[in-house]
Every structure is written in C-alpha cells, then in structure tokens.
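Here is a friendly walk through a protein model, from one backbone detail to the overall fold. Please keep the structure open beside the text as you read.

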Amino acid sequence: MSVNLIGEPLTRVDGRAKVTGAARYAADFNQPDQLYAVIVSATIGLGRVTGIESAEVERMPGVAAVIAHSNAQRLPYLPHRAVIDPAVGERLHVLQDDTVRFYGQPVAVVVADTLDHAERAAAALRISYEARRPLVDPADPRTERIAPEAADRSRGDAETAIADASVTIDEIYEIARENHNPMEPHATVAAWNGERLTLWSKSQYLVNEQAEMAAVFGLPVENIEVVCPFIGGAFGTSLRTWPHVTLAALAARHVGRPVKLVLTRRQMFFTTGHRPRTLQRIALGATSDGKLLGVVHEGAGETSRYEQFTEALTTVTDYLYSCPNVRTQYRLVQLDTGTPNHMRGPGEASGIFALESAMDELSYKLGIDPIELRRRNEPRVDEAENKPFSSRSLMQCYELGADRFGWAQRTPEPRSMRDGRLLIGMGAATATYPAFHAPANARVRLLTDGVAEVEAAASDMGPGTYTSMTQVAAEFLGLPFEQVRFRLGRSDYPQTPSHGGSWTMASVGSAIRAACLEVQAQAARRAVEDAGSPAFGASLDDLEWSGGLLHRRGEPSSGLSYQDIVGRTGVPVEANGSAQRDPEVAERYSMHSFGAVFAEVAIDADVGTIRVRRIVGAYGIGRVVNPLLARSQCTGGMIGGMGMALMERTVLDPRDGRPVNSHMADYLMPVNLDIPKLDALFVDEIDPHVNPLGVKGLGEIALVGTAPAIANAVFHATGKRLRTLPIQIEHVLTA
C-alpha cells in the first residue's frame, strides 16, 4: 500500500511535548553542581574600561567569581572558516581587552551559586570608563560609507532613461532598526569535561556554533558538542554565535563547574543582532502606458565598525520587473553599535518596501491599477542574469489573491472608501525570495521493531521541522507516519546548513530523501544475501520497494517489510544520505519564490489610528509539504510584517547609543488584539529544477511583501504617501 504523506496537513508531532512542558529549551538543561552567570554590560557607547572595583563584590554571598578583561583567560580566537561567516571582519573578542565598542558590550561576568546572588553582585559591580561620544545614526554626515564586494550592478543607462521618461518617481525611504525579540531569550548552559565542552545552547546553526567555539578556544571541532532540540522563536537572531556563549564557556572553565547564562530581554537589544536601519532611494521612469524604462535603487544599511554585515537590500530590483535600464548601489554605514544580523526576510523585506511603494506611487501617477502595472512589466526571463526562471507564478498569485481579497470592489481614488467615519484603504505588493539550497546530510536507521530513526543536525525554531521532516521520511520509506522518529538538535548528527534562509526543507528534506533511498538499497542487499530470506539470491534489478515492502517487480501484493529484513539478524540497517544542488542546473536557471500580498486598513482620520482589518497572501513556493504548517508560517510572517509596517522601532540615544526602548513596554509589537483576519493561499506550482522535492521555502517570503502592502493601503485610505517605517499616528496626522 502506498503511503502519500507529502501534501497532507498533519498536526505537529511535537505539539503535546510543547503544551505539556516536556519540550526542553536551552535554559532547561540544568546540570549537577551548576552555577549561574550574569553579564555586566557597558554603560558607555565608545571608549575604554579604566577600572573595575571587584573586591567587595567577590565577598558577597554566593559569589564564585568576577571575570573581566584583567583576569579572563586569553583566548586564541582562531580564524573561523569552517562554515559560512555571518559577517566580514573580526568578531568581538569578549573580555580580551579594555576597549568598549558599543553600548551594552559585555565588560564583566559575575558567577554565583544562585541567579539571585549573581544578579545582586552584578548590579553592585562598579566600573569606571573613559568615554567618547559614539556615532549611532546612519544619517549623520560624519559617518563613513563603504562599498561591500559586488555592491553595485548595472545594465543599460538608467539615469538617461529616467531623465527622458514621460513619468518619473524619485523618492527616499527609511526603515527603522528592529530587534528580533523572540519568546525564548538567548541562553547557554556550558559544562567542561577536561578539554571537551558541551553546550546546551539556543542555536539555529549547531555546526556553526560548534566550529565557532572550537575556533575561539583553539580546540578540535570534535571536542565541542552543541545540543538544542527546541527553539522558542528566533527569526535569525540565533544564526550566529554571540558573545554570551563564549562567556558561559569561559566562566565554566574559570570556576571548574557547569554554568548557566541567560540573557535578559534588555541585553538582547545590545549583543544579539538586529535588522539594520536602512536608507533607500528609488527612481523610476516609465512610458505613459506604464512600461518601465529605467530604475535606480540606492540603499545604505548600518553595520558595526569591527564587522561588515551585508544583506540583499537591492538585489530584488535586478530581476523583479522587466526593464532595460537598471542600476543598483549598496553601501554600508559604519557605526559604533553591535553588528546587525539576519532578521526574517533579511534585505528583501527592506528593499521590497521601497521598490513596491514606488511602484504603487507610479501606478497612481499613471492612473493604472497597481496589479495591471505589474502585469505590464512582467519579465519573460531574469533580465539581470539572462536566465529563465525555474518557475515564476507571480501573475497567478495576483489573480488568486485578488479574487479572494475582492480587489475588484476597490475604488481606485484615494480617500474614496469609508466605513462610517473610518477611511478604508486597500493595498497590494509583490513578495519574492530566493529559492536557496545548501549541501546537507542525514542518517536513517531501520530498527528491529519496524521503526525508522532519522537524524540530522538541524534546528526547529517553530515552523514544524519535526513534523515536515517526518512526513518526507515516511513517504519515501513507505511507512506510516507514526513509525518514523525524526531527531534533530545535536551537532554530532549529520551536518546540515543553518535553520534560516528558507532552505531547511529544500536542503535537509532532500538529504533525508537521499538517505531513505540509500537505506532501502542497503536493506535490499541484506535481503538477497541472507540465506534464510525469501529474497535470497534474487537480482537487485528484479526487486523494488513499494509501500514499505520489498517485492519482485510487478508483484506488489506480497513482499518483505523492513521488520522482516532487520528482524532476522537483529542488527539495524543504517545509511547516510546527502544532497546538494546540481551546479549546472543552478547555473541554468534563476530560482525564486513569488507572492502577492493584499491588505485592508481602517484609519480614524481624526486621531490617526491605523487598524489592519485583513491580509490575504497568495504564494508560489513549489511543492507544499504540509499545508497546515505552511499557512501557520504565512500568518506568522504577516504578523511580523505588520510589526515592521506599523510598530517596531528601536530608538538609540545619540549621546551613547543606548536603546531607550529595550523592553516590551515601549518596543511595540503586534499582540493578539492587533491580529486581523489572515488568509494564505498557494498556487499549484511544479518546479523540477530547484531540488528533488520541488520545494522552494516559505518562512522568509511570508513577511517580505506585507509591510509595503499595508503602506500602500494607508495611502489609498488617506491620500498621504508615507515612506518611513514604522508608520505612526503622528505621520498620518501631519503628512
């Protein structure tokens, strides 16, 4: 019997563990004889530490150690090239010198027998500084802008084309710095056994954390083990290894006992990355009937002075619409802050806000429906790379989404739609994200009881990785869903790429498929070599697997099960599998997901309040492994896009770079009462080129188009074009 599980909306296999508290997160892995560490953060934005008064603190109840640059172990911080580096430059060498590079930088760590004692001692520690005023505003004219590698691209002559165009747009767009703020704070429990280190640590990239800590401490990679079975949200903040992980390990070695270190919510605003504040310029030139003639997209994003963090701020503009003349430019603004990091839809979410806002503005200037304008500029190929798309369903997404949303009922004139005293606006925007793929590995083990164990060093920050990977394995093994156990979250499992970039299913899922096929081949070989097996002596070419049974070709009604084969010897059958994209196929096609997002807002014109009433998103993402999980991903992304559009903004004090709203009272995010009706649809899309599963990934694109759709709806409601995110009440009232 065939088992068809890919495409089924199965509920989460880990759901019960999560709702009953059985799921263990990083801070839950308490160890015997454990101590607690608390970081002391710098209270200046730039300068140096001139003194630390630790004597009295060391005598406080329960205190085991006060560690600072003066007494910390000297760490080698070897070059880290084992996996993809998150930034170019030299990462922060924590507690290795007296230099303060940004506000909140760790300058000491206090270790004590209880968390209460550690917190009290950390608060009592007195540190003196020699302070200088930092540069923390990317708009400050004193800042230095640098061009990262491959920062500029051009085809044709965009400036001339725009100058000669019948209709033009030339505007500036700004997006505030955002912080991730997942439910679970960053946490690490560190324990040494001689020269071997175990880390129970929140990480979206276990093998990266393993390699980074090996480089920091100058140890062989195999001496480090990282464990992380569950992540309580991350959105990119745990893609790299931040200083607190090093501090936990450093403190544990210093005191000779396991140490737990959990960051406070406030500390997560300092040292675990953020979506960089960006400044962008979009210039468009078009014919009177809406055909694009020239596009200029210039963008600048903040980075730290000690590292260069880059993201795909301007890359979407190269391929999204047909245009013969396109120029893009990307610059980094060096600031005295911590290094930014990938945040859901990194680069694309920010860049597409500017581009899609400008396209919407052009549609009004031309008097052409926003969807029709995009249709008139739909490309046949990726014009930047001169390659066909592996699949591109953007127009189908607009058709499906517009029908569900009721776009035809929209009246085009701004301020023309009302619900009583409320102004109603409807906006649309395109979403897109690359269909990434990275080399990945997996292992499958067939047990004597007929159960299959599947292992990969992946992570799960909430999208349902346990469930979807179980579905893939069960389908290719031909087993019932309940007979597959998928395990992740250990660095000693087969290596995988990071759990980010919307490539987990494409990469790890493809590796699991390969491992399943290989374990079937090994099981078949065992069957034909086993003198007591009914298949003994048969030719492998005469046998095939179907519905979890090995049988002669054309005779699927009877055969040997995995349990039959493995049970005879009592020895499990184990196989590894790997997957990577064919470089020839990757070179031949441009691979991306596409989507169309529609938003409706209601605005009280008297007080400027904005309420999102509903959002509809339609997506072309290739094969959908689990529609239930996919819709959950989409609605989560839409909510994140609402925050980006209307709420999220980290404000820095210009005097010292202190985040003044580094707490949940003033850093605004959508809560349950803000959430409108959210609807996610999927275009039937077959893409045989992206990977063996035909999947493209969904987590990032689900956020990408939401903010511009909301901003465009605000314009339709009010007639006021707002080009700064988040859009606030005062913007509506004063624009």
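Where is the place of Pro-726? Pro-726 sits in the loop that runs between strand 31 (724–725) and helix 19 (729–734). Before we go further, please note that this is a predicted model, and every value below is computed from it.

## Backbone details

Pro-726 is a good place to begin, as the peptide bond leading to it from Leu-725 is cis, with omega near 0°. Most peptide bonds are trans, and most residues other than glycine have a negative phi.

Two residues go against that second habit. Tyr-77 is not a glycine, yet it has a positive phi of about 45°. You will find Tyr-77 in the loop between strand 3 (63–68) and strand 4 (88–89), where it is buried, with a relative accessible area of 5%. Phe-235, again not a glycine, has a positive phi of about 65°. Phe-235 belongs to the loop between strand 13 and helix 6, and its relative accessible area of 34% makes it partly exposed.

## Overall shape

Let us step back to the whole chain. The protein has 19 helices and 31 strands. Its radius of gyration is 27 Å, close to the 27 Å that the globule rule gives for 735 residues, so the protein is as compact as a globular protein of that length. Along the principal axes, the C-alpha atoms fill a box of roughly 80 × 75 × 50 Å.

How much of the protein is buried? Buried residues account for 61% of the 735 residues. The accessible surface comes to about 27700 Å², and carbon and sulfur atoms hold 49% of that area. As for contacts, take those between residues at least 6 apart in sequence: 81% of them join residues at least 24 apart.

## Strands and their partners

Strand 1 (35–41) has six of its seven residues buried, so the rest of the structure largely encloses it. Strand 1 runs parallel to strand 14 (residues 259–262), joined to it by three bridges; here Ala-37 stands opposite Leu-261. Strand 1 also runs antiparallel to strand 6 (residues 106–112), with six bridges between them. In that pairing, Tyr-36 has Ala-112 as its bridge partner.

Elsewhere, three strands make an open sheet in the order 5-2-7, with antiparallel pairing. Its edge strands are strand 5 (99–100) and strand 7 (126–131), each of which pairs on one side only. Two bridges hold strand 2 (residues 47–53) and strand 5 in their antiparallel pairing, and Gly-47 has Val-100 as its bridge partner in strand 5.

## Aromatic pairs and charges over rings

A search of the whole structure turns up 19 aromatic pairs. In one of them, the rings of Tyr-25 and Phe-230 have centres 5.8 Å apart and planes at 50°, so this pair is tilted. Tyr-25 lies in the loop between helix 1 (15–20) and strand 1, while Phe-230 lies in the loop between strand 13 (224–227) and helix 6 (243–255), so the pair ties together parts that are 205 residues apart in sequence. Tyr-25 is partly exposed at 21% relative accessible area, whereas Phe-230 counts as buried at 11%. Both belong to one aromatic cluster with Tyr-466 and Phe-486.

Trp-192 and Phe-217 form an edge-to-face pair, 5.4 Å centre to centre with 70° between the planes. Trp-192 is in strand 11 (residues 187–193) and Phe-217 in helix 5 (residues 206–217), so this pair ties together parts that are 25 residues apart in sequence. Trp-192 counts as buried at 19% relative accessibility, and Phe-217 is buried at 6%. Trp-192 has a charged companion too: the charged end of Arg-253 sits over its ring, 3.9 Å from the centre. In the same kind of arrangement, the charged end of Arg-392 sits over the ring of Phe-594, 4.5 Å from its centre.

## The surroundings of Leu-423

Is Leu-423 buried or exposed? Leu-423, a residue of strand 20 (residues 422–434), counts as buried at 1% relative accessibility. Leaving aside residues up to four places away in sequence, its contacts include Arg-415, Met-417, Val-601, Ile-603 and Thr-718. Phe-481 is 58 residues from Leu-423 in sequence, and their C-alpha atoms are 50 Å apart in space.

How values were computed:
Residues are numbered from 1 along each chain as its sequence is written. This is a predicted model: local features need pLDDT of at least 70, side-chain atom pairs count only at pLDDT 80 or more; totals for chains, interfaces and linings use all residues. Side-chain values use heavy atoms; hydrogens and water are left out. Rings of Phe, Tyr and Trp (its six-membered ring) pair if their centres lie within 6.5 Å; planes under 30 degrees apart count as stacked, over 60 as edge-to-face and the rest as tilted. Helices (H or I, at least four residues) and strands (E, at least two) are DSSP runs, numbered from the N terminus. Buried means under 20% relative accessible area, exposed over 50%, partly exposed in between (1.4 Å probe, protein chains only). A charge sits over a ring if NZ of Lys or CZ of Arg is within 6 Å of the ring centre and within 35 degrees of the ring normal. The radius of gyration is taken over C-alpha atoms; the globule rule is 2.2 Å times the number of residues to the power 0.38. Contact means heavy atoms within 4.5 Å. Accessible areas come from the Shrake-Rupley method with a 1.4 Å probe; for residues, only the protein chains shown count as cover. Two strands pair if DSSP finds at least two bridges between them.
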